[in-house]
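Please look through the sequence and the structure shown here before reading on. The report that follows moves from the whole chain to a few chosen places in it.

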Amino acid sequence: MVHTLPSRLQRHFGDYLLLGDSGYPLEPFLMTPVTNPTNEAEELYYRALVRTRVIVELTLGVVKNRFRCIHRFGGELQYTPLRSAKIVSACLLLHNRCVSRSIPDPNNHLPEEDMPIEAHVVGAGDRGGTDRQTRDEIIPEFYGRKGV
């Protein structure tokens, strides 16, 4: 059985799971890479997680370039987390509107520090124990032979 998000997160994300790199601890609601994949299903899971995170990081880099107020070199947001989240959400909505109307990004390059790295970063990662249960259920279900 797949675990659900803690109640505060569930109100915001529903039954979705969050993705993180190995710098984050594995949690029932936060999927991180398998440290050392030992079979094909774990390798497929690892590759899918990395590909997804690269797309997200590229997108965030583009949005940070368009709206410099959310880029650390353009001026970090000095607001409460809730207000900052609202500002970032507004920037994402405006970015989507620009894309749908083919409005070019005036800063159409990614600074080198925003280029995503596909490498596996060693960090807090997999602590073992019950935090593994969700990931251990997802991998064979979606990346095992029957799910491929």
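## The order of the elements

Read from the N terminus on, the elements of the protein chain follow the order α-β-β-α-α-α. In this model, which is predicted, the protein chain therefore has 4 helices and 2 strands, each counted as a run of helix or strand residues along the sequence.

## The chain as a whole

The protein chain has 148 residues, and buried residues make up 30% of them. Its accessible surface comes to about 10100 Å², and carbon and sulfur atoms account for 57% of that surface.

A further way to describe the chain is to ask which residues touch one another. Among the contacts in the protein chain with a separation of 6 or more, 63% are between residues that lie 24 or more positions apart.

## Helices H2 and H3

The helix H2 covers residues 40–66, and helix H3 covers residues 81–100. These two helices pack at an angle of about 95 degrees, and their axes are 10 Å apart. Because an angle from 65 to 115 degrees counts as roughly perpendicular, H2 is described as roughly perpendicular to H3.

On the H2 side of this contact are Val62, Val63 and Arg66, which meet Cys91, Leu92, His95 and Cys98 in H3. Sorted by class, the contact of H2 with H3 has 5 nonpolar residues, 1 polar residue and 1 charged residue.

## Helices H2 and H4

The helix H2 also packs with H4, at an angle of about 95 degrees and with the axes 9 Å apart. This angle makes H2 roughly perpendicular to H4. In H2, the residues Ala41, Glu42, Leu44, Tyr45 and Ala48 take part, and they meet Arg135, Ile139 and Tyr143 in H4. The contact of H2 with H4 divides by class into 6 nonpolar residues, no polar residues and 2 charged residues.

Glutamate 43 also has its place in helix H2, and with a relative accessibility of 28% this residue counts as partly exposed. The C-alpha atom of glutamate 43 is separated by 9.4 Å from the C-alpha atom of isoleucine 139, although the two residues are 96 residues apart along the chain.

## An aromatic pair

How many aromatic pairs does the structure hold? The structure holds 1 aromatic pair. The rings of tyrosine 45 and tyrosine 143 have their centres 5.8 Å apart and their planes at 75 degrees, so the pair is classed as edge-to-face. The pair links distant parts of the chain, since tyrosine 45 belongs to helix H2 and tyrosine 143 to helix H4 (residues 132–143), with their positions 98 residues apart in the numbering.

Is each of these tyrosines buried or exposed, or partly exposed? Tyrosine 45 has a relative accessible area of 4%, and because buried means under 20%, tyrosine 45 is buried. Tyrosine 143 has a relative accessible area of 24% and is therefore partly exposed.

## Arginine 53 in helix H2

Arginine 53 has its place in helix H2. Its relative accessible area is 19%, and because the cut-off for buried is under 20%, arginine 53 is counted as buried. When residues up to four places away in sequence are not counted, arginine 53 touches Leu19, Gly20 and Asp21.

## Two places in the loops

Leucine 17 is found in the loop between helix H1 (7–13) and strand E1 (18–19), and at 29% relative accessibility this leucine counts as partly exposed. Leaving aside residues up to four places away in sequence, leucine 17 touches Pro28, Phe29, Met31, Thr134 and Ile138. One of these, threonine 134, is 117 residues apart from leucine 17 along the chain, while the C-alpha atoms of the two residues are separated by 9.8 Å.

Where is serine 102 placed? The place of serine 102 is in the loop between H3 and H4. Its relative accessible area is 63%, and because exposed means over 50%, serine 102 is exposed. Serine 102 also has a positive phi of about 55 degrees, although this residue is not a glycine.

Note on methods
Residues numbered from 1 in each chain as written. Predicted model: local features only at pLDDT ≥ 70, side-chain atom pairs only at ≥ 80, totals over all residues. Heavy atoms only, no water. Buried < 20%, exposed > 50% of the residue type's maximum accessible area, 1.4 Å probe, protein only. Contact = heavy atoms within 4.5 Å. Areas by Shrake-Rupley, 256 points an atom, 1.4 Å probe, with all protein chains shown as cover. Phe/Tyr/Trp six-rings, centres within 6.5 Å; stacked < 30°, edge-to-face > 60°. Axes fitted to C-alpha atoms, helices over the stretch in contact; angles between N-to-C directions. Parallel < 35°, antiparallel > 145°, perpendicular 65-115°, else oblique. Nonpolar A, V, L, I, M, F, W, Y, C, P; charged D, E, K, R; others polar.
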